[in-house]
Amino acid sequence: PDAQDMLMLQDFELWAEKVLSRTAWAYYRSASDEGKAFDENRNAFGRYFFRPRILTGDMNQGSTETTFMGIETSLPVFISPAAMAKLGHPLGELNLTKAAGDCGIAQAISANASCAVEELFEARKDETQPLIFQVRLPPMLLPFATLKSWRLTISKIYLNKDRSASEALLRKVEKLGARAIMFTVDTSWDSKRTLDEQTKRLANSAIMAAKPTNSDTAPAQGLPVGKAISGYQDHNLSWSDIAFIRKNTTLPIIVKGVQCVEDVQLAVEHGVDGVLLVRDSNRYAPDRDAYQLTRHKSNHGGRQADYAPAPIDILYELRVLRPDIFSKIDVMIDGGVRSGADVVKALALGAKAVGLGRPFLYANGTHGQEGVTRAIQILHEEITNTMRNIGAKKVSDLKPEMVGPAGPWVG
Ligand code: FNR
């Protein structure tokens, strides 16, 4: 079928499973362990319903335009950073950049993108097209390490080289015109991406064809895609790494993968400009009039800690517990967003914008640039319909009281 025949984002997923290579499908669709966090990402959206307003005037007038992180966008939606787009389509992230430019939305470029960052900046419609760059930090040289053997000496020098490469990369993307830096914090430890691991033996040649160009570490051989490309990630990240990024960029910093209200507060205290809530473990306990606060790792679209609850739930919790925080920091979510209604729910609760990962990879894999453009059109249509049917002409008309957990209101 043509891209125009796709009616919902899920249609792209159905086709992607049929037409993508086994390696690409397994890497994209993969979730960690039993995939419960992945399922919950999606299911949680189904627990929130609207409280529409009626008789709100002329719905012919209106707009889906908004601003997040100082970036003007035609839709409150951005392309989340997702690695290895060339696994799905030979032109890789280039198609995403061109479609985002045509449709007026922002794209976050993965640190493991399979196109060179220069190529993507070059492909922009014009210099105002917003691109965000996602960084992962490799380990840093420990200043007081004792160099006991030549072996240790070599490895420490190598690690140090990697951090200076991060400094150079941060400066390079700022010069190229990036609009923000996204610092991914939920992958400082490995996860078992089940489908990807099961498919690993088929992966080598495909990985080499789509390998990341923005890191000088070659993908390891004989591993599942996820593990092959993540060898250079630091296992020892802390809030002081924000200072490292701040020292090397003047761009706004978004921390991606914040998991609980306490860490949103810490992000504010560390001078972060935005947070992307990918996962949280905090849950409303219906039998008590209180929230149970615990900490877990986030799930990166269901790809890190399994059994972590959904981003829309932490957003709701943040709205209930810390309504003041939305004026201090820009809050975004991603994970499981598959329709315009999902986007509108998040916006009403206070998110400034919403990211999608897999749907754009699937659309790129099945129909290339045209598919990505169609996916964005679908979101545009669904967001417009949802907003106007609940009485909102523009994004600023969306209010927290317009959405809530399903079921009777209990006060
Ligand atoms: C990702 N994600 C991701 N995040 C990141 O910060 N850097 C990266 O390189 C990647 N790579 C990546 C690859 C693939 C195949 C997927 C599916 C995801 C996570 C991504 O940015 C986002 O958080 C999730 O994709 C959101 O969930 P949905 O929209 O895929 O459900």
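What volume does the second largest pocket have? In this predicted model, the answer comes out at about 640 Å³. A good way into the pocket is through its middle: of the 41 residues that line it, Tyr27, Arg136, Arg193, His300 and Arg303 are the closest to the centre. Moving out from there to the elements around the pocket, those that give two or more residues to the lining are two kinds of piece, helices and a strand: α2 (22-29), α7 (194-198), α9 (225-228) and α14 (358-389), along with β13 (353-356). Of these, α14 gives the most, with 3 residues. As for the chemical mix, the lining of this second largest pocket has 19 polar residues, plus 11 nonpolar and 11 charged ones.

Now for a pair of helices. The axes of α12 (residues 311-321) and α13 (residues 340-349) come within 9 Å, and they cross at roughly 20°. Angles under 35 degrees count as roughly parallel, so that is how α12 and α13 lie relative to each other. Their crossing is left-handed. On the α12 side, the contact is made by Ile312, Leu315, Tyr316 and Arg319, while α13 brings in Lys345, Ala346 and Leu349. Sorted by class, this contact between α12 and α13 has 5 nonpolar and 2 charged residues, with no polar ones.

Put side by side, the two spots have their own make-up: polar residues number 19 in the lining of the second largest pocket, whereas the contact of α12 with α13 has none.

Technical notes:
Residues numbered from 1 in each chain as written. Predicted model: local features only at pLDDT ≥ 70, side-chain atom pairs only at ≥ 80, totals over all residues. Heavy atoms only, no water. 1 Å grid on protein atoms, 1.4 Å probe; cavity = no way out; pocket = protein on both sides within 12 Å on 5 of 7 lines; lining within 4 Å. Points joined across faces, edges and corners; volume = space filled by probe spheres on them. Helix = DSSP H or I, 4+ residues; strand = E, 2+ residues; numbered from the N terminus. Nonpolar A, V, L, I, M, F, W, Y, C, P; charged D, E, K, R; others polar. Axes fitted to C-alpha atoms, helices over the stretch in contact; angles between N-to-C directions. Parallel < 35°, antiparallel > 145°, perpendicular 65-115°, else oblique. Left-handed = near helix turned anticlockwise from the far one by under 90°. Contact = heavy atoms within 4.5 Å.
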